[in-house]
Amino acid sequence: MNTLPRNGIFEMPRLSYHLEDLAPIISKETLQVHYGKHLQTYLNNLNALLPESKFKRCTLEEIVQNSSGVLFNNAGQVLNHILYFTQFQKPQIQNHPHGRLKNAIEKQFGNFEKFQEIFEKQGISLFGSGWVWLSLDASNHLIISQESNAGNPITKNLHPIFTFDVWEHAYYIDYRNQRAEHLKALWQILDWECLEQRYTEKIHFHL
Ligand code: MN
């Protein structure tokens with residue numbers, strides 16, 4: 001993904017679903033606040049900082065990889081939330097990976113259930129605010145990692161495939177303090193077509 005500003009500003013990501021579509025896993029109210037207010041604020045902050053920065057003609061990914069401080073925090077949160085909000089679809093009862101990503105997960109983690117368990121544990125054990133990620137490294141290995149605050153694995157030369165947001169604003173309206181329950185439910189709305197596409201693009205990138 002290479003996200004460029006249009007006419008000097010970055011734009012909100014378009015969603016392939018309506019705000020009520022992810023319920024009951026993520027409610028419309030949570031999306032109104034999380035997408036409509038939190039992400040919009042990070043985006044406004046980033047666009048306000050951009051003209052005075054040296055990153056005016058850079059992609060969002062380049063800004064995240066090369067900036068620091070308040071610019072990094074806002075650019076990181078914009079990139080993280082774009083990846084997050086565009087990875088979902090309506091809840092599916094049997095929602096499993098397929099294709100090449102399924103094969104890679106099974107080869108590396110044994111089976112999908114074992115992978116889910118490790119991924120959820122990383123989300124539960126992350127202290128404070130942050131993100132848990134599945135990424136691809138330069139040797140095409142899958143990596144599960146935690147990032148605090150606005151962190152994104154592209155700063156470690158990893159290519160992100162999907163992420164669970166463990167900031168409280170992601171789940172507090174629907175799940176209160178039950179982060180583990182929220183993370184367990186999120187599997188039902190992952191759009192594995194989208195993730196397969198992200199994975200395949202990145203695999204090709206390395207070949
Ligand atoms: Mn968030």
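This passage walks through the metal site, the salt bridges and the cysteines of a predicted model.

The manganese ion is held by four side chains: His 34, His 81 and His 169 each offer NE2, and Asp 165 offers OD. These protein donors lie 2.0 to 2.1 Å from the metal. Read along the chain, their spacing is H-x46-H-x83-D-x3-H. His 81 sits in helix 3 (residues 69-85) while Asp 165 belongs to strand 3 (residues 159-165), so this pair ties together parts that are 84 residues apart in sequence. Both His 81 and Asp 165 are buried.

Turning to charge pairs, the whole structure contains six salt bridges. One of them joins Lys 114 to Glu 117, at 3.6 Å from N to O. Both residues sit in helix 5 (residues 112-125), and because they are three residues apart there, about one helical turn separates them. Lys 114 is partly exposed, at 38% relative accessibility, and Glu 117 is partly exposed too, at 40%.

Another salt bridge pairs Glu 120 with Lys 184, with 3.2 Å between the closest N and O atoms. Here the link spans distant parts of the chain, from helix 5 to helix 7 (residues 179-186), 64 residues apart. Glu 120 counts as buried because its relative accessibility, 10%, is under 20%; Lys 184, at 52%, counts as exposed.

Lys 156 and Glu 147 also meet in a salt bridge, at 2.7 Å from N to O, and Glu 147 is buried, with 8% relative accessible area. Elsewhere, salt bridges with shared partners connect Lys 114, Glu 117 and Lys 121 into one network.

As for the cysteines, the structure has zero disulfides. Cys 58 is buried at 18% relative accessible area, and Cys 194 is buried at 15%.

Methods: Residues numbered from 1 in each chain as written. Predicted model: local features only at pLDDT ≥ 70, side-chain atom pairs only at ≥ 80, totals over all residues. Heavy atoms only, no water. Disulfide = S-S within 2.5 Å. Buried < 20%, exposed > 50% of the residue type's maximum accessible area, 1.4 Å probe, protein only. Donors = N, O, S within 2.8 Å, 3.2 Å for Na, K, Ca; no water. Helix = DSSP H or I, 4+ residues; strand = E, 2+ residues; numbered from the N terminus. Salt bridge = Lys/Arg side-chain N within 4 Å of Asp/Glu carboxyl O.
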